[in-house]
2 protein chains.
Amino acid sequence: MPLSANNPDRTSWLHVDKNSDFPIQNIPFGVFLTRDDIITIGTRIGDTAIDLGALHQLGYFDGIPLTDDIFLQDSLNDFIADGRKTWRAVRDRIAEVFDSNNDTLKHNKSHKEIVLFRLDEIEMQLPVQIGDYTDFYSSMEHATNVGTMFRDPDNALLPNWLHIPVGYHGRSSSVIPSGIPVHRPQGQTLPNGATEPVFGPSKLVDFELEMAFITTDANDLGEPIPVDEAEEYIFGLVLLNDWSARDIQKWEYVPLGPFLAKNFATSISPWIVTLDALEPYRVESPKPVKPQLPYLKTTGKKKSFDINLEVSIQPEGSKENMVCKSNFKYMYWNISQQLAHHTINGCPVNSGDLMGSGTISGPTPDSYGSMLELTWRGENPIKLKDGTERKFINDNDTVIMRGYCEKDGTRIGFGEVSTKLLPVFKKK
Amino acid sequence: MPLSANNPDRTSWLHVDKNSDFPIQNIPFGVFLTRDDIITIGTRIGDTAIDLGALHQLGYFDGIPLTDDIFLQDSLNDFIADGRKTWRAVRDRIAEVFDSNNDTLKHNKSHKEIVLFRLDEIEMQLPVQIGDYTDFYSSMEHATNVGTMFRDPDNALLPNWLHIPVGYHGRSSSVIPSGIPVHRPQGQTLPNGATEPVFGPSKLVDFELEMAFITTDANDLGEPIPVDEAEEYIFGLVLLNDWSARDIQKWEYVPLGPFLAKNFATSISPWIVTLDALEPYRVESPKPVKPQLPYLKTTGKKKSFDINLEVSIQPEGSKENMVCKSNFKYMYWNISQQLAHHTINGCPVNSGDLMGSGTISGPTPDSYGSMLELTWRGENPIKLKDGTERKFINDNDTVIMRGYCEKDGTRIGFGEVSTKLLPVFKKK
C-alpha cells in the first residue's frame, strides 16, 4: 500500500511551482535559523519553509508521541532516533495539515505568521550533528576510470572491488551545508619528475558528485545489521560534494588512503529527503558481475533509486555551465549493501551518521562525476560559456549539484548543494 | 618556571602507594559513574577518585571562572573547550586542596563523604565525546617492519613517509573505555592462494600499542595551526589499543586504507593525563632523516615525551605475560607535527577530538608494538607462562597496556587500558 504522504493526487494550499523539487509529496527535513534568530527543525513545501517547532507548540502534532522540544533543536539527531514509525506519522500529519482540502491552518492567519517563512528569511544549517562520516567508493564506472588513469587500464578494478563495497572514514568536522564557501587547501605535493615534495596551494581542486544517506541508531558494538533490514535504519538522503585535492591525494594516499586531500571540506544539501518519499522511485540495482557473499545479497524490494543528478560550474559574475548529468541508480553497490557491510564486523552506527556513496559516474563521458574524469586528468579541458576553460576548479568558481526524481508527473527533488571555492586562506 | 601543580616536593593527605601512577603531581581528568549512579567529571590521587562536580558545588573552586555545571557532565568536552588557562587553574587548585599541609577538606568529614570514592565504587566512562578520531602512523620502526613484511625489505618505507606524518580517519563510534570487552570481528578475507574471498571470523586479531592526544577547539574551517602553537590546543594524552584484524585488513585496504579491519573497536585508558603533568618528561624527537618542510619544523621546547609503555596478554584464568616494552619517545613525528599537518589544509579540530599516534614500535624486537611484528607474521610464536603459544590474540585473552613516566623519584602514569577479546557475536 502506498504511503499516505506519497499520495500523488494530493495538492497543497501552499503555492508550489510546477517544477519545484518540493511538492507536498516530498516533505523533507532540515534545520534552519529563523528571522528571529531561533534555531528550529523544519520542512519545506514549494518555496515556503515551515517551522515544525512552532507547529508542534501550536498543537498540530497532537496524538503523535513526541517530546515537547523534539523540533526545537539544532539537529535532527533526536527526531531521527525516534525511529521510522514516528518519521512516518509526522510526515503524514504534515501532508494533512497542508492539504488543499484542510482549512485549519490555512485559515488561521496568526498561526501562519508564526509557522511559515519565505526562503530569504531563513538560513539553512547542517541538518544533523554527524557522529561519524563514512565515504564509499561504489560506482563501478568511477572506480574503473580512476583505475585506468592511475594504475592499469587492463586491470582497472582492484581484485577486492567486485566483492566489497569499499569504503573509508571521512572527517565529520569539515562537513558543511550548502552555501558555506571553502578555501583552496594547501599541502604537500610531489611535482612530476621530482624526488622531493613541495609545499603550496593545491593546483588540482576537484568536486566529486555523490549522494549520502543518514542513519538512525542501528546496532550495539559487535552486532551486524542484516542487509534486508538495513533500510529500516536509513532516515533519508542528501546530495554531497566530496571536495578533493588531486595533487595532495596522489602524494599522500599510500598506504592509508586519502586524508588531507579530502578533509578540508565536504558539502551537503541541507534538506534530508526521506527514504519514504523516494519509495516510488525504486529501481533494480545493476546485475552483479561476480557472485556476492550471502551477507551482501538482498531480497525483496528493489534497493536502488532513480535519482537524476547534475553538476554545474558557475564562474564569478558569469552563468552556470552544466558539466555532468548522472544518476544515483548507476551505483553498483546499493545503500543496503553499504550499511550491511559497514556493520558486518560489529561497528556501531548511530543517529546522524553520514554515509557517502562515492563519486557517481555513469557509463557515458558526460555522466562522469568529477573533473578528473570529465577532462581525463586535464587532457580534455571543458569550455565554458564565458570563453574560459576548466581542467579543474578555479578560485571563485561555484560548484552546484542538483538531484531529483521524476515519475508519472510527480517530481521529488533535493534542491541543491552550492559551494564557492575561495582562494587560499590568509590570516587577517 | 615549573608549574605549581607539578611541584615534586608536594605530598597529599590522601594515601598514595610508592609506585602509584597517580601521585598528587599527576591530577588527570576522567568521567565516572558514582555509587549513586550519578555521572560526573573527576580526578584521581592514589587509589582515591575525586568527584570534581561535588567539589565545585561545595565551593572549592571559588575564584576560578567556571560555569556551575562544568563538571556535572558526561564528557570533558566543555571543560576542555575552556582552554589551558582554566585547566591550569583547576589543576593547581586540586593540588592545593589535597596538599598535606591543607586541612580544610582533610578535616571536613561530611565533605569527604560526598567527594571521595574508592575505585570499586565508580565505573569509568569514555572521558570525551569524540567528534573525530584520527590515527597516525608515526613510528619509523613500525612502518619499516610492516613495509618489510608486506612490501619490499629494501624499500620498506614508502616515499612519502619521511615527509608526511601519514594519518587516516578512524571511527569514533567504536572507541570504548578500558574494561569494555570486544567481540572477534567477522568479515571477508582472501585465503592464501585463493582467487575468491571467503566469509568468517577473523583469524588474525591483533593489538596495536598506541598513545593518543585529545584536543581543544583549535581552528576555523580553512585556518592552519602553526606547528609551534600546536601544543596550546592539546589537553592531554591517553593509552590507546588500536584493535586490528590483519586478514580483513590485507584484503580490504587497497586503495582507500583500513576500514572494517579497525573500526570494530578502539580501546582507550579512561584518565586523560594533561600535557602540563608531562612537562618534566620532555625529550628531543628523533633527528630527521630527511629535511622536513617548514610547516613541520619545530623550534623552542622539546616536543617528544619519555613515556614507558608495556603490553601484557592475560589468558582467561591465568597470569599476565608481558610481551612488549616500548616508549612514546620513539615516535619519529611528534604530536605538534601531527596536529600542524592535520590542519595545514584548513581541516577544523574541535574539543574532544582524538588523535592516535600509530603503533609505537622501538628499535629492538621486544619493543615492537603489535603481535604482527613481535611474532613476525606468526613465524615466531610467543610462549606464555601457562604453556600455550600466541601468534595473535585468542578468544578470551585480555590485552593490557600500561604507560608511565619516571624521573627524579616522581612517577606520572596513565593507569591501564585493559580489554578482553570475546568470541564472535551471537544474536541472543
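**Exercise 1. State how much area is buried between chain A and chain B, and how many residues each chain brings to the contact.**

Solution. In this predicted model, the area buried between chain A and chain B comes to about 5,700 Å², and carbon and sulfur atoms give 62% of that area. The next step is to turn from area to residues: 64 residues from chain A and 64 residues from chain B take part in the contact. For the charged pairs, the count across the interface of chain A and chain B is 8 salt bridges. An example is the salt bridge of Asp132(A) with Arg171(B), in which the closest N and O atoms are 3.6 Å apart, a distance that can be judged against the cut-off of 4 Å.

**Exercise 2. Work out which operation lays chain A on chain B, and name the C-alpha of chain A that is nearest the axis.**

Solution. In general, two copies of a chain are related by a rotation about an axis and a shift along it. Here a turn of 180° with a shift of 0.0 Å along the axis lays chain A on chain B, and the RMSD is 0.0 Å. That is the relation of a two-fold axis. Within chain A, Gly257(A) has the C-alpha nearest the axis, at 2.2 Å from it. The contact can then be compared between the copies: 100% of the contact residues of chain A recur in chain B, and the same surface thus serves both copies.

**Exercise 3. Describe the lining of the second largest pocket by residue, by element and by class.**

Solution. The second largest pocket has a volume of about 1,100 Å³. Of the 41 residues that line this pocket, Phe150(B), Arg246(B), Asp247(B), Lys250(B) and Trp251(B) are the closest to its centre. Among the elements of chain B that give two or more residues to the lining are helix H5 (140–150), strand S10 (186–189) and helix H6 (246–252). The most is given by H6(B), with 5 residues. Sorted by class, the lining holds 21 nonpolar, 9 polar and 11 charged residues.

**Exercise 4. Locate the cis peptide bonds that end at Pro255(A) and Pro255(B), and find where Trp376(A), with its positive phi, is placed.**

Solution. As a starting point, most residues other than glycine have a negative phi, and most peptide bonds are trans. In chain A, the peptide bond from Val254(A) to Pro255(A) is cis, with omega near 5°, and Pro255(A) lies in the loop between helix H6 (246–252) and strand S16 (266–268). In chain B, the bond from Val254(B) to Pro255(B) is cis with omega near 0°, and Pro255(B) lies in the loop between H6 and strand S16 (266–268) of that chain. Trp376(A) has a phi near 50°, a positive value in a residue other than glycine, and is found in the loop between helix H8 (371–374) and strand S23 (382–383) of chain A.

**Exercise 5. Explain what the salt bridge between Glu231(A) and Arg282(A) ties together.**

Solution. Over all chains the count comes to 58 salt bridges. One of them joins the side chains of Glu231(A) and Arg282(A), at 2.6 Å from N to O. Glu231(A) sits in the loop between strand S13 (209–215) and strand S14 (234–241) of chain A, whereas Arg282(A) belongs to strand S18 (residues 282–283) of chain A, so the pair ties together parts that are 51 residues apart in sequence.

Terms used. Residues are numbered from 1 along each chain as its sequence is written. Chains are lettered from A and ligands numbered from 1 in the order in which they are written. This is a predicted model: local features need pLDDT of at least 70, side-chain atom pairs count only at pLDDT 80 or more; totals for chains, interfaces and linings use all residues. Side-chain values use heavy atoms; hydrogens and water are left out. On a 1 Å grid over the protein atoms alone, a cavity is a set of points where a 1.4 Å probe fits but cannot get out, and a pocket is an open set with protein on both sides within 12 Å along at least five of seven lines; lining residues have an atom within 4 Å of a point. Grid points are joined across faces, edges and corners, and a volume is the space filled by probe spheres set on the points. Helices (H or I, at least four residues) and strands (E, at least two) are DSSP runs, numbered from the N terminus. Ala, Val, Leu, Ile, Met, Phe, Trp, Tyr, Cys and Pro count as nonpolar, Asp, Glu, Lys and Arg as charged, and the others, Gly among them, as polar. Copies are superposed by least squares on the C-alpha atoms of residues with pLDDT of at least 70 in both. Contact means heavy atoms within 4.5 Å. Buried area is the accessible area (1.4 Å probe) that two parts lose on being put together, summed over both.
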